[in-house]
Amino acid sequence: MLVRNSFRLHLDISSRVGLIAALMASALASLPSQILPLTVGAMTDDLGMDPVRTSWLASADLIGIALAASTGFFWVPRFDMYRVVMFGLTAFLLGNILVLCLLDTASFWAIFVPRLISGIGAGLVNTAALATLARHHNPERAFGLNLLVVVLVASTSYTALPSWIQSGGLPTAFMLLIGL
């Protein structure tokens, strides 16, 4: 449940809706790094890039996540987490849409920069979601549920995504990230 309070939106983490929203945000933001092994193989096959460039493309997400997460000590106490999540989701979606549009170019930088943007968005969302879960009245339960949801989403992705990538190619992985 969202509560408007002096121009800031706050997620009521104690409500069931608030807890589910934070869990889903965390699971979504964790997904790019979890499906990385699948997308690396598809990048090598579909884009024909050498292993060095492919590993740099794969690390773009992780670099973005690390940049956003490592600065969390600065922005978590200063900014409204709802707005951070909305900004992060926008960057996440924009980065993935750009990658999907630019895949045909097979240009390293045309894919690296949007992957970095998407990674920063995922890092913002995940850091904000975890900071929100820490404010739950029972944080141990909230973090336990978070681990469960993240593992379930990852295992479901590992079950379904290989056949989707095999039939639809690399764009399928990015369509999954955009669709979620």
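The following questions and answers go through a predicted model.

Trainee: How is the model numbered, and which limits apply to a predicted model?

Mentor: Residues are numbered from 1 along each chain as its sequence is written, and side-chain values use heavy atoms, with hydrogens and water left out. Since this is a predicted model, local features need pLDDT of at least 70, totals for chains, interfaces and linings use all residues, and side-chain atom pairs count only at pLDDT 80 or more.

Trainee: How many salt bridges does a search of the whole structure find, and which side chains meet there?

Mentor: A salt bridge is a side-chain nitrogen of Lys or Arg within 4 Å of a carboxyl oxygen of Asp or Glu. The search of the whole structure finds one, and in this salt bridge the distance from N to O is 2.7 Å. The side chains that meet are those of D61 and R115.

Trainee: Which parts does the pair of D61 and R115 tie together?

Mentor: Helices are DSSP runs of H or I with at least four residues, numbered from the N terminus. D61 has a relative accessible area of 4% and is buried, where buried means under 20%, exposed over 50% and partly exposed in between, with a 1.4 Å probe and protein chains only. R115 also counts as buried, at 2% relative accessibility. Because D61 lies in helix α3 and R115 in helix α6, the pair ties together parts that are 54 residues apart in sequence.

Trainee: Which element gives the largest share of the largest nonpolar core?

Mentor: A nonpolar core is a set of buried Ala, Val, Leu, Ile, Met, Phe, Trp, Tyr and Cys residues joined through side-chain atoms within 4.5 Å. Of the 29 residues in the largest one, L47, L57, L103, I111 and L170 touch the most other members. The elements that give two or more residues to this core include α1 (16-34) and α7 (139-168). The largest share, six residues, comes from α6.

Trainee: Which residues is L170 in contact with, leaving aside its neighbours within four places in sequence?

Mentor: Contact means heavy atoms within 4.5 Å. With those neighbours left aside, the residues in contact with L170 are T39, A42, M43, D46, L47 and L103.

Trainee: Is T132 buried or exposed, and which residue has its backbone oxygen 2.8 Å from a polar atom of the T132 side chain?

Mentor: T132 lies in helix α6 and counts as buried, because its relative accessibility is 8%. The backbone oxygen that lies 2.8 Å from a polar atom of the T132 side chain belongs to A128.

How values were computed. A polar contact is a pair of N or O atoms within 3.5 Å; within protein, one must be able to donate a hydrogen and the other to accept it, and residues adjacent in sequence count only if both atoms are side-chain atoms.
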